[in-house]
Amino acid sequence: MLPGRSDAFLTAAPDHGGELYSPALPEPEPATVARGGPRGIVPRVAMLAPDLLRTQAFVGGRWVDAESGETFAVLNPATGDEIARVPRLGASETRTAVASAAEALPAWRTRPAKERARVLARLASLMADRSDDLATLLVLEQGKPLAEARTEISYALSFCEWFAEEAKRVDGTIIPSPSADRRILVTREPIGVTAGITPWNFPSAMVTRKSAPALAVGCTMVLKPAEQTPLSALAVAALAEEAGLPPGVLSIVTGAAEDAPLIGAELTSDPLVRKLSFTGSTAVGKLLMRQCADQVKKVSLELGGNAPFIVFDDADLDIAVGAALVCKFRNSGQTCVSANRLLVQSGIYDAFVARFAAEVSALRVADGFADDVQVGPLIDEPAVGKVEEHVADALERGAEMVTGGTRIEGQFYRPSVLTGVGPEMRMSREETFGPVAAIARFDTEEEAIAIANATPYGLAAYYMTGDLARAWRVGAALEYGIVGVNTGLISTEVAPFGGVKESGIGREGSSYGVDDWVELKYWAVGGLAPAG
């Protein structure tokens, strides 16, 4: 097994050693998708405890249906089967959730930090106890391999653990005063009622990455999960209720794609909401930012990326290939920090392409519950369509397909490698968000840096090198909020996650992640002249 692979690839094909890949080798067969065993999808849903498979929204501490009575279907991306139906909420129910958050705010923000911490710690413990159920639910509605789902649940609960500890460290400072009769104090205070909008690719982790710091510092939150994956968010809310979170502190409003503009507009226009946090596309992030501007709401935005993955001649080939595999194909390539552009220096180019393509062609595509699966389905039909469009565009413009390049069936796409990908091609300019690796050749360090920075995005970048001086030099030159050096895995609750340029504003995770949920208050205390 190649060094640098994540737990999600523990069952990957063995190391191919120095064997060269040839495009003439046959493609893996059969061109069908392995399914998750004899129990199938419906029995797996039936196995879930009803306290976690929630089919109502959670508003103001109550489980509710839509006022209209309408629902929408949550589908399994591996099979297209309906898992459940959840309420289609709109502006009215969202307004109720915001009002409940405002009502709950005074008691929650004045509750001792140690008590808020206990609730979050209890939530983390409950998530750990129920991790198998949560992971199963995640696979059903999102499709990622079960091993990756288990990793995501651990990642999700880590934010509850981390910010439970940080809650007790939201302190202030005393600034030396220029006057003998005055004292200057600075305190950090919760910003108030907040809103969160989360994506479908990490439906458990993104819920806690936003809500845990907000709740830890004393804010309340109304959160809208993606319409494709609301069940994981509702399950977290059920466990939060069990952990002792008071009514109204966290609400989950569900809605179909058609409802999202109504819910979003309500969250951005309601004067009770003082902060919005959004993870998703840059286009939607800009729209929400414009809407928030009317009331000068605080925003934190984690938006699109176009991550370069640079392999220099002096890189360790094993490390570089292993890091590229996990960075590109984790979650079927559906991550905002996925390697979108692989830039390989001329001296190592042929060896890297041969080794990497051989590893990619051996990846197993299957239902997330199947044994030894490494790549699951894409989230929906539009996602598959986008991948197909990017591949077709690249081939029309002169790129060459080394391996893959075809849909298998349903929403599964064969892991693919293209070479000769130029900057004019769509997959060089846009996130492909699928299991397709686009490789380009470069000659000099300066050229690689220029190509990497030639994008309006700046979330994550990666580079592989054995030269310590180059490691510092390139990292300083890359215009990104996150850089991975000789690794393709960067996400952890202890580090600040976020980008620059059009990839967003603010940071999530780490001690820095508290700052986006508090305001600074300056106290000028006079009348303290010394006696006599």
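**Cavities, salt bridges and helix H8 packing**

Glu-502 counts as partly exposed, at 31% relative accessibility, where partly exposed lies between buried (under 20% relative accessible area) and exposed (over 50%), for a 1.4 Å probe and protein chains only. The model is predicted, so local features need pLDDT of at least 70 and side-chain atom pairs pLDDT 80 or more, whereas totals for chains, interfaces and linings use all residues. Residues are numbered from 1 along each chain as its sequence is written, and side-chain values use heavy atoms, with hydrogens and water left out.

**Salt bridges**

- The structure contains 29 salt bridges, each defined as a side-chain nitrogen of Lys or Arg within 4 Å of a carboxyl oxygen of Asp or Glu.
- Glu-502 pairs with Lys-286 in one such bridge, with 3.0 Å between the closest N and O atoms.
- Lys-286 belongs to helix H9 (residues 282-293) and Glu-502 to the loop between strand S20 (500-501) and strand S21 (504-505), so this pair ties together parts 216 residues apart in sequence. Helices (H or I, at least four residues) and strands (E, at least two) are DSSP runs numbered from the N terminus.
- Lys-286 is also partly exposed, at a relative accessible area of 35%.
- Asp-314 and Arg-470 form a salt bridge with an N to O distance of 2.8 Å. This pair links distant parts of the chain, 156 residues apart: Asp-314 sits in the loop between strand S12 (307-311) and helix H10 (317-329), and Arg-470 in helix H15 (residues 468-477).
- Arg-470 is buried, at 12% relative accessible area, while Asp-314 is partly exposed, at 31%.
- Asp-393 and Arg-397 are joined by a salt bridge whose closest N and O atoms are 2.8 Å apart. Asp-393 is buried at 11% relative accessibility, and Arg-397 is partly exposed at 44%.
- Arg-209, Lys-210, Glu-302 and Glu-508 are connected into one network by salt bridges that share partners.

**Cavities**

- Three cavities of 30 Å³ or more are present. A cavity is a set of points, on a 1 Å grid over the protein atoms alone, where a 1.4 Å probe fits but cannot get out, and lining residues have an atom within 4 Å of a point. Volume is the space filled by probe spheres set on the points, which are joined across faces, edges and corners.
- The largest cavity has a volume of about 60 Å³.
- Its lining includes Val-119, Leu-123, Cys-160, Ser-211, Leu-215, Val-236 and Leu-250. Helix H3 (113-129), helix H6 (205-217) and helix H7 (230-243) each give two or more residues to this lining.
- Ten nonpolar residues, one polar and no charged residue make up the lining of the largest cavity; nonpolar means Ala, Val, Leu, Ile, Met, Phe, Trp, Tyr, Cys and Pro, charged means Asp, Glu, Lys and Arg, and the others, Gly among them, are polar.
- The second largest cavity has a volume of about 50 Å³. It is lined by 13 residues, and those closest to its centre are Leu-301, Glu-302, Ile-505, Gly-506 and Glu-508.
- Strand S10 (273-279) and strand S11 (298-302) each give two or more residues to the lining of the second largest cavity.
- The lining of the second largest cavity comprises four nonpolar, five polar and four charged residues.

**Helix H8**

- Within helix H8 (residues 260-269), the buried residues include Ile-263, Gly-264, Glu-266, Leu-267 and Thr-268.
- The buried residues of H8 pack against helix H2 (91-110), strand S7 (193-197), strand S8 (220-224), S10 and H9, with contact meaning heavy atoms within 4.5 Å.

Terms used: 1 Å grid on protein atoms, 1.4 Å probe; cavity = no way out; pocket = protein on both sides within 12 Å on 5 of 7 lines; lining within 4 Å.
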